[in-house]
Amino acid sequence: MKLKLQLNNVIKNAFIQANIEQTPMSVSEATKPEFGDYQFNGAMALSKKLGKNPREIAQSIIDTLDFTGMLAKAEIAGPGFINLWLNPLWIAKQSQEALADKRLGIAKRETPIKVVVDYSGPNMAKQMHVGHLRSTIIGDTLANLLTFLGDDVIRQNHIGDWGTQFGMLIAYLEMKGEDGSVSLKDLEQFYKDAKGEFDANPDFANKAREYVVKIQSGDAHCLNLWQKFIDISLGHCEEVYEKLNVNLTRDDVRSESFYNDDLPKIIQALDEKGTLTQSNGAQCVFLEGDEVPVIVQKGDGGYLYATTDLAALRYRTGELEAKRISYVVDARQAGHFKQVFRVAKEAGFVPEDVKLEHIGFGTMMDKSGKPFKTRDGGTIKLIDLLDEAVVKAKATINNKEDYTPEQIDALAKIIGIGAVKYADLSINRESNYIFNWDKMLSFEGNTSLYMQYAYARIQSIFRKFDGTVTGDIVIADALEHRLATMLLRFEDVLERAADDASPNQITTYLYDLVTLFMRFYEQNPILKSDVEEEIKMSRLQLADLTAKTIKQGLDILGIKVVDKL
């Protein structure tokens with residue numbers, strides 16, 4: 001039900017009938033209702049090519065347009081724009097079909113591809129902090145979206161679990177006793193204590209260094225302690241993912257250590273291709289036009305992030321057969337990924353037809369416009385932020401006597417977590433944004449709560465109706481025409497958001513949809529006694545389709561709805 005695609009085909013057929021041997025431009029949504037539903041501006045671009053007045057070209061297109069199906073009328077505006085109105089009967093039929101389909105008329109892709117989405121990426125040495133929030137929820141939304149559209153999505157959580165600090169950590173874990181669960185409850189403090197011991201005790205420091213070598217050489221005792229530390233750390237991450245309603249599991253983890261055996265092979269492959277240059281003892285790849293080389297092996301034989309990323313790219317295209325690989329990582333890593341992607345393509349690790357993309361994002365700021373920190377300048381733990389969101393959401397719930405304590409807790413979690421996620425996803429991901437509790441927990445504006453309230457209001461209409469909906473959708477006035485048309489645009493919005501990896505296109509659509517529905521609800525009574533039965537049934541169905549669209553949109557964002565609010 002891609003509206004634009006269908007309209008473009010109508011325009012294309014008109015070009016053929018009018019003997020215009022050019023590929024038409026794509027239609028666009030009309031900027032105002034008085035300009036129709038869509039606009040076609042291609043006549044302007046054709047004026048020079050065809051040596052004709054653009055209005056004359058526009059008229060020849062209109063004269064050959066098919067008005068027996070989706071189009072009701074077309075008009076020339078200004079110097080040669082064509083305003084297009086959809087046929088209300090066609091809109092009604094399409095809306096009816098969407099309502100009857102559990103996917104709302106959105107087809108799965110005919111040619112799905114394998115997509116790897118790399119996101120979250122916590123470090124096993126510390127608790128997840130607010131800096132992990134954006135990667136986690138933007139990446140999860142993209143994975144949800146592509147899955148819904150039919151692609152074969154492989155979620156990858158690339159965790160840092162391999163490095164010099166782990167010798168220190170497992171040595172300290174051993175020193176504290178085999179059961180480190182108590183001391184590891186606060187991973188941040190555990191790391192600080194281990195580092196303090198490392199700095200103050202030379203014997204401990206030497207042991208820690210020995211343990212690094214032992215881990216890398218496969219020593220069973222050290223690997224057992226290392227695995228214990230990883231398991232406890234991952235348990236903390238899973239607690240955060242559960243609170244966030246994020247679809248990452250332990251099966252999705254592909255840590256640095258996973259690629260360890262492949263790192264020497266990456267160096268060997270680059271060497272065989274003649275792309276390596278030794279610089280100050282390090283093995284480097286110099287890229288044309290780039291002064292800074294990509295260092296893939298240090299002088300002491302150690303490897304770098306770039307080496308691991310190259311191994312991961314080769315694995316994801318070779319073993320996983322991915323055709324699109326999306327790295328949802330802080331925008332400050334743009335230079336790193338640009339270089340790594342170039343090396344991977346030029347070295348033949350990644351075929352030319354594979355799309356590699358760095359999905360960068362900005363920083364979360366406090367009200368003063370500074371990076372989000374605790375009062376003493378420390379990093380805010382993500383789980384603490386989420387717990388605070390639930391507490392603040394609970395404070396906004398009125399009429400608590402209408403709910404059981406368990407229902408209040410469940411409702412507060414849905415509202416609070418939804419508010420945090422939606423506030424983040426509703427802005428352009430490349431922008432920094434101000435974290436504001438009052439704004440994100442508001443019933444007004446582009447917030448999760450506004451969407452959840454609209455959904456709950458529609459459910460209350462059906463509780464009040466308490467009957468069986470019959471009959472067909474009828475587009476009886478301009479407002480119903482606009483609402484139904486917007487509902488039918490949902491697939492185009494999802495496709496565009498997937499291509500651009502931009503969740504804010506979904507939130508913008510949902511906000512526009514809900515705002516329009518609220519106008520429809522106020523101006524077009526549904527259950528009033530003087531409303532004709534046919535119109536009542538039609539409006540109930542439009543309301544139902546609106547609710548299902550809101551729910552599906554929020555589900556892709558990883559946000560739940562409630563039937564009563």
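Start at Gly 51, the residue that follows helix α2; its phi is positive, near 65 degrees. Note before going on that this is a predicted model.

**Helix α2 and its neighbours**

Step back from Gly 51 and select helix α2, residues 42-50. Color Gly 42, Ala 43, Leu 46 and Ser 47: these residues of α2 are buried. Look along the axis. The four lie on the same side of α2, because they cover an arc of only 150 degrees around that axis. Now show what the buried residues pack against: α1 (3-17), β2 and α3 (54-63).

**The four-stranded sheet**

Strand β2 takes you into a sheet. Four strands form it, in the order β1-β2-β4-β3. The sheet is open, and the pairing is antiparallel. Select 28-29 for β1 and 71-77 for β3. These are the edge strands, each pairing on one side only. Next, select residues 38-40, which are β2. Two bridges join β2 to β1, and the two strands run antiparallel. For one of these partners, pick Ser 28 and look across to Gln 39 in β2. Strands of a sheet pair through backbone hydrogen bonds, so turn on the backbone atoms here.

**A loop residue with positive phi**

Move to the loop between α1 and β1 and click Asn 19. What is phi of Asn 19 near? The value is near 55 degrees, positive in a residue other than glycine. Most residues other than glycine have a negative phi. Is Asn 19 buried or exposed? Asn 19 counts as exposed, because its relative accessibility is 67% and the cut-off for exposed is over 50%.

**The cores**

Select Leu 84. Together with Leu 65 and Leu 385, Leu 84 is among the residues with the most contacts inside the largest nonpolar core, which has 148 residues. Show the surroundings of Leu 84, leaving aside neighbours within four places in sequence. The contacts include Leu 7, Ile 11, Val 27, Phe 35, Tyr 38, Phe 40, Leu 65 and Leu 71. Gly 36, Asp 37, Lys 73 and Ala 74 are also in contact with Leu 84. Another core, of 33 residues, lies apart from the largest one. To find this second core, select Val 116, Leu 276, Ala 322 and Phe 337, which are among its members.

**Aromatic rings**

The whole structure holds 17 aromatic pairs. Zoom in on Tyr 172 and Phe 204. Their ring centres are 6.2 Å apart and the planes stand at 90 degrees, so this pair is edge-to-face. The pair links distant parts of the chain, 32 residues apart: Tyr 172 sits in helix α6 (residues 165-175) and Phe 204 in helix α8 (residues 202-217). Tyr 172 is buried, at 7% relative accessible area. Phe 204 counts as buried too, at 5% relative accessibility. Widen the selection to Phe 166, Phe 190 and Phe 229; with Tyr 172 and Phe 204 they form one aromatic cluster.

Two charged side chains come next. Arg 314 lies over the face of Phe 349, 5.2 Å from the ring centre. Then go to Lys 564, which lies over the face of Tyr 403 at 5.6 Å from the ring centre.

**The β7-β8-β9 region**

Select β7 (276-279) and β8 (282-285). The two strands pair in the antiparallel sense over four bridges. Ser 279 has Ala 282 in β8 as its bridge partner. How many residues lie between the strands of this hairpin? There are two, and Asn 280 takes a positive phi near 55 degrees here. Asn 280 is exposed, with a relative accessible area of 82%.

Now turn β8 so that you can see both of its faces. Ala 282 and Cys 284 are buried on one side, Gln 283 and Val 285 on the other, and both faces are covered. Add strand β9, residues 294-297. Strand β9 pairs with β8 in the antiparallel sense over three bridges. Pick Cys 284 and you will find Ile 295 of β9 opposite.

**Zoom out**

Finish with the full chain. Its ribbon shows 20 helices and 13 strands. The C-alpha trace spans about 85 × 70 × 40 Å along the principal axes. Of the 565 residues, 51% count as buried. Among contacts with a separation of 6 or more, 72% come from residues 24 or more positions apart.

Notes. Residues are numbered from 1 along each chain as its sequence is written. This is a predicted model: local features need pLDDT of at least 70, side-chain atom pairs count only at pLDDT 80 or more; totals for chains, interfaces and linings use all residues. Side-chain values use heavy atoms; hydrogens and water are left out. A nonpolar core is a set of buried Ala, Val, Leu, Ile, Met, Phe, Trp, Tyr and Cys residues joined through side-chain atoms within 4.5 Å. Buried means under 20% relative accessible area, exposed over 50%, partly exposed in between (1.4 Å probe, protein chains only). Contact means heavy atoms within 4.5 Å. Two strands pair if DSSP finds at least two bridges between them. Rings of Phe, Tyr and Trp (its six-membered ring) pair if their centres lie within 6.5 Å; planes under 30 degrees apart count as stacked, over 60 as edge-to-face and the rest as tilted. A charge sits over a ring if NZ of Lys or CZ of Arg is within 6 Å of the ring centre and within 35 degrees of the ring normal. The arc is that of the directions from the helix axis to the C-beta atoms.
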